[in-house]
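Welcome! Please open the structure in your viewer and keep the selection tool handy, because we will go from stop to stop together.

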Amino acid sequence: MSGDPRLTRRAVLLGALAFPLAACRPHRSVSGTTPAPHASADADALQQAVADEEQLLLMLGRLADLGDVREQERGVHAAHLAALQKALGDAGATATPSAPIDDYSSAHKNGLQRRFDRQRRVSARRLRGSALAAADGSHAALLASIAACHNTFEASDGGQFFGSPQ
Amino acid sequence: MSLVEALQRALAIEYQVIYGYGVLGAHLTAGKETNAAATPAMALQRLQEHQDLRDRLAELVHAAGRTPVTAEPAYRLPYPVTDPSGARRLAQHLENTVASAAYAVIAASRPDSPARALMIGALIDAADWQTRWAVADFAPFAFPFPGRPGQPAAIQPSTTPTSSPS
């Protein structure tokens, strides 16, 4: 009893198509650590937030040299930086070196205070926009939370009121 | 937690917060203490903002095809409020609870969705107001991550209110 020759040809054709298609399909890594599909979409926003926190910390360091010590705020931004770097790592990306950061070594206190306030305001606005657009909900919540924190410093006279972070 | 569950939880918390503001507003001018940084007018302004947030949350739940949760007749406060200081501390507690609910909605929401946009604003506002009340209570602090899980719990429904809203 012989089979239908058309079926045989169809099977061969399908097999020939399926093999290269299977080869093109993205493969999960052996360790199972392939980033979630949303993760890479948020990497740029997380990277930008990292760069902003680094900039703020650098400015706070120079302000401390000039006698404007804001230890509490420094601790808060350091916590932001660590959380963002972790999120970036969990997203399967690594923090790339930031664009060259301004050198504040010759900055004067008043001018630097104004620049710091402006930088914090800009970063809060950027974080809010990034939170709205983030593909991953956990990234969105983290970015929104940091935006809220930056905003509270902004709204509380530059954070001068703050005591110990909790 | 699904988005609808998070929205319903946030709505239930708004009912509690509105009840709580009714209580605390009545105590902000009690006794001899006066504090220009924490007035009944501020409490009233914030109460109206929470009422608006409640309505918008209910609309989002409706839009998702679900029936919004309803308010309880009364709620048990986390502690008795008898003076302006207690009122300010309750306000901080309430705003912290709102921030937590907003964080959860953001985490469960889709990019650029009305729910996410609404609750990013709610998180930022709650953190701002929590700070305002803390500063007015001469107990400033900085939360690095407003709303992030691990904050104090919400006040609970009760059939026997510990204090009557005004």
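The tour below starts with chain A, crosses to chain B and ends at a loop.

**Stop 1: chain A as a whole**

Before you click anything, bear in mind that this is a predicted model. Select chain A and colour it by confidence: its average pLDDT is 76, and 65% of the residues score at least 70. Now pick residues 1-5 of chain A, where the pLDDT is below 50 and the model has 1 contact beyond near neighbours in sequence. Next take residues 159-166 of chain A; pLDDT stays under 50 there too, yet the model gives this stretch 25 contacts beyond four places in sequence. Where pLDDT is low, the predicted coordinates should not be read in detail.

Switch to a cartoon view of chain A. You should find 5 helices and 0 strands, in the order α-α-α-α-α along the sequence. Of the 166 residues in chain A, 32% count as buried. Among contacts in chain A with a separation of 6 or more, 77% join residues 24 or more positions apart.

**Stop 2: helix H4 of chain A**

Select helix H4 (109-133) of chain A. How far apart are the end C-alpha atoms of H4(A)? They are 36 Å apart, which agrees with the 36 Å that its 25 residues should span at 1.5 Å a residue. Show side chains for the buried residues of H4(A), including Phe116(A), Arg120(A), Ser123(A), Leu127(A) and Ala131(A).

**Stop 3: where the chains meet**

Now display both chains. Across the boundary, 29 residues of chain A are in contact with 25 residues of chain B. On the chain A side, helix H3 (71-90), helix H4 (109-133) and helix H5 (137-155) each supply at least two residues. Which helix gives the largest share of that side? Select H5(A): the largest share, 12 residues, comes from there. If you colour the chain A side by class, you get 17 nonpolar, 11 polar and 1 charged residues.

**Stop 4: the nonpolar cores**

Stay with both chains and look for the largest nonpolar core, which has 78 residues. Ala131(A), Leu143(A), Ala144(A), Ala102(B), Val105(B), Ile106(B) and Leu123(B) have the most contacts inside it. Helices from both chains each supply at least two residues of this core, among them H5 of chain A and H1 of chain B. Click on Ala144(A) and follow its contacts: leaving aside residues up to four places away in sequence, Ala144(A) touches Arg128(A) and Ala131(A) in chain A, and Ile106(B), Ile120(B) and Leu123(B) in chain B. Another core, of 6 residues, lies apart from the largest one; Met59(A), Leu63(A), Tyr104(A) and Phe116(A) are among its members.

**Stop 5: helix H1 of chain B**

Select residues 3-25 of chain B, which form helix H1. Its 23 residues should span 33 Å at 1.5 Å a residue, and the end C-alpha atoms are 32 Å apart, which agrees. H1(B) is mostly covered, with 17 of its 23 residues buried.

**Stop 6: a loop and the helix after it**

Finally, zoom in on Asp112(B), in the loop between helix H3 (84-108) and helix H4 (114-136) of chain B. Phi of Asp112(B) is near 55°, a positive value in a residue other than glycine. Is Asp112(B) buried or exposed? Asp112(B) is exposed, because just 10 other C-beta atoms lie within 10 Å, and a residue counts as exposed at 12 or fewer.

Then select Pro114(B), in helix H4 of chain B. Pro114(B) has 13 C-beta neighbours inside 10 Å, so it counts as partly exposed. Add Arg56(B) to the selection: Pro114(B) and Arg56(B) are 58 residues apart in sequence, and their C-alpha atoms are 9.9 Å apart in space.

How values were computed
Residues are numbered from 1 along each chain as its sequence is written. Chains are lettered from A and ligands numbered from 1 in the order in which they are written. This is a predicted model: local features need pLDDT of at least 70, side-chain atom pairs count only at pLDDT 80 or more; totals for chains, interfaces and linings use all residues. pLDDT is the predictor's confidence in each residue, from 0 to 100. Two residues are in contact if their C-beta atoms, placed from the backbone, lie within 7 Å. Helices (H or I, at least four residues) and strands (E, at least two) are DSSP runs, numbered from the N terminus. A residue is buried if 20 or more other C-beta atoms lie within 10 Å of its own, exposed if 12 or fewer, and partly exposed in between; C-beta atoms are placed from the backbone. The expected span of a helix is 1.5 Å times one less than its number of residues. Ala, Val, Leu, Ile, Met, Phe, Trp, Tyr, Cys and Pro count as nonpolar, Asp, Glu, Lys and Arg as charged, and the others, Gly among them, as polar. A nonpolar core is a set of buried Ala, Val, Leu, Ile, Met, Phe, Trp, Tyr and Cys residues joined through C-beta atoms within 7 Å.
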